[in-house]
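Here are some exercises to work through with the model open beside you. Try each task before you read its solution.

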Amino acid sequence: MPRRGENIFKRKDGRWEARYIKGHDLSGKAKYGYCYGRTYTEAREKVNSMKAKKGGTAVAGTAKSRQRFAYYCGKWVEQRRYAVKPSTYAKYVATIENDIIPQLGNQYPSAFTTELVERFKTYLLTERNLSAKTVRDILMVFRMIVVYARKQVPGEIPEFDIIYPREQRKEMRVLSQEEQERLATFLTTDMDCCKFGVYLALTTGIRIGELCALRWRDISLPNGTITISATMQRLRIFEESRESKTVISIDAPKSSTSARTIPLTQNAVTLCKRFAPASGSAFVLTGTDAYMEPRTLQYRFERYAKACGLEDVHFHTLRHTFATRCVEVGFEIKSLSEILGHANTSITLNRYVHSSMKQKKSNMDKLSAAGF
C-alpha cells in the first residue's frame, strides 16, 4: 500500500517505485514518470529530486489557480465582447471553441511549457492542416489569454516560448490582360445590376463586403466617385433567444483607412448613369432596398468565371488584378494604396502587386537602353 498522499509502492520484485507527474498531454491528462529504489526512502528521495528539477507539480493553491485553461478562455473573451467589433469578437469565439479549448481547455495553465505549445502548433499544422497564417492567428489569441491569466494568478503560470510558424506567402491569382478583357466583355453583355457591381469591383478594387454594402447614395455622379463607408458580412450571433445562428451585419469598414473615396473611370461613370435608380437607398447590386449578401455574390461570380472559361479564380482575384493593372500602367503607389484602403504602401507592394514577366522584361530593357 502507498503512504497517504504519496505515489510510492513496493513492487513484487522487492524494489520501491515512486511516481511523479512529468507533464501533460494537450487535453490536460497527466503523463507520469517513475523512480526506483531499493528502499522506500531512496525512492522518495529520487522522486523529490525530480520534482525539484521540474519546479514542483502541485497545482497552485488559490481558487483561481485551480481553474483549467477553459475557464480563463471564457473570462477573457467575455471581457472582449464589447471592446472590439462584432466581427472580431465572433472570430475570437470561433478560434477558442474550435481550436484552443478542444486541445488545451482541460489543461492547467501552471503546467504550460514550450514543449506543450510546440505540440499544439504541430497539431494545428499537420493534423488540422491549417495554414501558417491561421495557426499564427490562433497562437496570438492563445498568447493574449495567457497574458490575461497571468494577471489573475501572478507568479503561478510559468514563462514559456511561443514560436510562430513562418508564413509561406502564396502567389495570388491575377487575371491576364486577355482574361480581364474576356470577363469585361461578358459583364457588359446583357448587363444587369449584379454584373454591373462585379464590373465596378474589377475597375476599383473594392472588397466583396464593401460592394455588397454599397448603396447608390455612396456614388457621386457629378464628382465621378464612390465612397466606401460600410462593409457587409455574415456574423455568428450569441444571444440564446435568437433562433438563427448567424446574421447579416452592415458595419463600418475593417479599418479607418478602409473608409475612402475612389475616383471612377469614365466607362464606370457612364455605366453608373445607366443603372442609377431613383432611390439613393437602393443597393448597387440589386437596384432595390433588398441586399445581396457576400456568399450569394461569390456564387454568382463563380458562375460568371465558369462562363468565361476562367479557372482558379474567386472574387478577391478582381482586387489583385486591379492593383496589378494599376502598377503596369505606372500608377503612383501612394495613390494606389489609398484607393485600396491600405494602412501603408508596403502592404500594397508586398501583398497586392504582382509583376508580370512582360513588365519585368520591359524594366530590363530600360537597363539595356542605359548601357548595361
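**Warm-up: the whole chain**

Task: work out what share of the 372 residues counts as buried.

Solution. Of the protein's 372 residues, 41% are buried (under 20% relative accessible area; exposed is over 50% and partly exposed in between, with a 1.4 Å probe and protein chains only). This is a predicted model, where local features need pLDDT of at least 70, side-chain atom pairs count only at pLDDT 80 or more, and totals for chains, interfaces and linings use all residues. Residues are numbered from 1 along each chain as its sequence is written, and side-chain values use heavy atoms, with hydrogens and water left out.

Next, the secondary structure: 14 helices and eight strands (DSSP runs numbered from the N terminus, H or I of at least four residues for helices and E of at least two for strands). Then the contacts (heavy atoms within 4.5 Å): of those between residues at least 6 apart in sequence, 61% join residues at least 24 apart.

**Exercise 1: the two sides of a helix**

Task: find the buried residues of helix α9 (residues 266–275) and say what they pack against.

Solution. Start with the buried set, which is Ala268, Val269, Leu271, Cys272 and Phe275. They sit on the same side of α9 because they cover an arc of only 165° around the axis, taken from the directions from the helix axis to the C-beta atoms. Now turn to the other side of α9, where Gln266, Asn267, Lys273 and Arg274 are exposed. Finally, look at the partners: the buried residues of α9 pack against α7 (193–204) and β4 (219–220).

**Exercise 2: three helix pairs**

Task: describe how α3 packs with α5, α6 with α7 and α6 with α11.

Solution. Two packed helices are described by the angle between their axes and the distance between the axes. The axes here are lines fitted to C-alpha atoms, for helices over the stretch in contact, and the angles run from 0 to 180 degrees between N-to-C directions.

Step one: helix α3 (residues 86–104) and helix α5 (residues 132–152) cross at roughly 80°, and their axes come within 10 Å. That makes α3 roughly perpendicular to α5 (65 to 115 degrees; under 35 is roughly parallel, over 145 roughly antiparallel and the rest oblique). On the α3 side the contact includes Tyr92, Ile96 and Ile100, and on the α5 side it includes Ile138, Val141 and Phe142. By class, the contact of α3 with α5 has nine nonpolar, one polar and three charged residues (Ala, Val, Leu, Ile, Met, Phe, Trp, Tyr, Cys and Pro are nonpolar, Asp, Glu, Lys and Arg charged, and the others, Gly among them, polar).

Step two: α6 and α7 pack at about 150° with their axes 9 Å apart. So α6 is roughly antiparallel to α7. Their crossing is left-handed, meaning that the near helix is turned anticlockwise from the far one by less than a right angle (clockwise would be right-handed). Gln180, Leu183, Ala184, Phe186, Leu187 and Thr188 of α6 make the contact with Lys195, Val198, Tyr199 and Leu202 of α7. That contact of α6 with α7 has seven nonpolar, two polar and one charged residues.

Step three: helix α6 (residues 177–188) also packs with helix α11 (residues 316–328), at about 120° with the axes 12 Å apart. That makes α6 oblique to α11. Again, α6 passes α11 in a left-handed crossing. Gln177, Gln180 and Leu183 in α6 meet Leu318, Thr321, Arg325 and Glu328 in α11. The residues of the contact of α6 with α11 divide into two nonpolar, three polar and two charged.

**Exercise 3: single residues**

Task: place Leu211, Arg136, Asn129 and Asp190, and add what you can about each.

Solution. Take Leu211, in helix α8 (residues 208–213). Leu211 counts as buried because its relative accessibility is 0%. Leaving aside neighbours within four places in sequence, its contacts include Gly197, Leu285 and Phe315.

Arg136 is in helix α5 and, at 22% relative accessibility, counts as partly exposed. Outside its neighbours within four places, Arg136 contacts Tyr164, Pro165 and Glu167. The C-alpha atoms of Arg136 and Tyr164 are separated by 5.8 Å, with the two residues 28 apart along the chain.

Now the backbone. Most residues other than glycine have a negative phi. Asn129, not a glycine, has a positive phi of about 60°; Asn129 is in the loop between α4 (114–127) and α5 and is exposed at 63% relative accessibility. Asp190, also not a glycine, has a positive phi of about 50°. Asp190 lies in the loop between α6 and α7 and counts as exposed at 69%.
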